[in-house]
Amino acid sequence: MATEIDRQRVKEELGRGTVVIEVLPEEEYARLHIEGAINIPIERIGREARANFSLEQPLVVYCSDRDCPTSDLAAKKLETFGFNNVFEYTDGKADWESAGEAMESGSGTAAESAAD
């Protein structure tokens, strides 16, 4: 079962280089997302994560806010695919933005991240 984490823990994970994944559609991600996060929409999360990350690699997933079920679905899907170090930022993008944390716009995919 994925571990729920808060904003401070997400900041720590970003500082460690942990992959942070927005699981919303590409359009929403491109409009505004957590600085340093990549985008893998829920429909592609299992396939793209398996293609780009090891099963032991820590992964943080998030969506828009606590009422959005997509990050929970993504976390469960990742665990089904064998990932065993999955974290869910349940408060999501709304919490991050309301706290004045760094945000950015534009695209960014798992494949682009793996190429870095």
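In these legends, contact means heavy atoms within 4.5 Å. Every view is drawn from a predicted model.

**View 1. The whole chain, with its six helices and seven strands.** Let's start with the overall layout before moving in. Read from the N terminus, the elements follow the order β-α-β-α-β-β-α-β-α-β-α-β-α. Along the principal axes, the C-alpha atoms occupy a box of roughly 35 × 30 × 25 Å. How does the radius of gyration fit a compact globule? For 116 residues such a globule would come near 13 Å, and the chain has 12 Å, so the two agree.

**View 2. Burial and contacts across the chain, with 43% of the 116 residues counted as buried.** The accessible surface amounts to about 5,800 Å², and carbon and sulfur atoms account for 46% of that surface. Contacts that span the sequence are worth a look here too: among those between residues at least 6 apart, 73% join residues at least 24 apart.

**View 3. The charges of the chain, 12 positive and 24 negative.** How far apart are the mean positions of the two sets? The separation is 3 Å.

**View 4. Thr18, in the loop between helix H1 (7–16) and strand E2 (19–22).** Is this residue buried or exposed? Thr18 has a relative accessibility of 10%, which is under the 20% cut-off, so Thr18 counts as buried. Look for the side chain of Glu13, which a polar contact of 2.6 Å joins to the side chain of Thr18. Once neighbours within four places in sequence are set aside, Thr18 is in contact with Glu13, Pro58, Leu59 and Val60. Glu13 therefore appears twice in this view, as a contact of Thr18 and as its polar partner, while Thr18 itself counts as buried.

**View 5. Ser105, in the loop between strand E7 (103–104) and helix H6 (110–115).** Here we turn to another loop. With a relative accessible area of 55%, Ser105 lies over the 50% cut-off and is therefore exposed. Which residues does Ser105 touch, not counting those up to four places away in sequence? They are Ala30, Arg31 and His33.

**View 6. Ser105 and Ile34, 71 residues apart along the chain.** Staying with Ser105, this view adds one more residue. The C-alpha atoms of Ser105 and Ile34 are separated by 8.6 Å. Keep Ala30, Arg31 and His33 in the picture as well, as Ser105 touches these residues.

Conventions. Residues are numbered from 1 along each chain as its sequence is written. This is a predicted model: local features need pLDDT of at least 70, side-chain atom pairs count only at pLDDT 80 or more; totals for chains, interfaces and linings use all residues. Side-chain values use heavy atoms; hydrogens and water are left out. Helices (H or I, at least four residues) and strands (E, at least two) are DSSP runs, numbered from the N terminus. The radius of gyration is taken over C-alpha atoms; the globule rule is 2.2 Å times the number of residues to the power 0.38. Buried means under 20% relative accessible area, exposed over 50%, partly exposed in between (1.4 Å probe, protein chains only). Accessible areas come from the Shrake-Rupley method with a 1.4 Å probe; for residues, only the protein chains shown count as cover. Lys and Arg count as positive and Asp and Glu as negative; His and the chain ends are not counted. The place of a charge is taken as NZ of Lys, CZ of Arg, CG of Asp or CD of Glu. A polar contact is a pair of N or O atoms within 3.5 Å; within protein, one must be able to donate a hydrogen and the other to accept it, and residues adjacent in sequence count only if both atoms are side-chain atoms.
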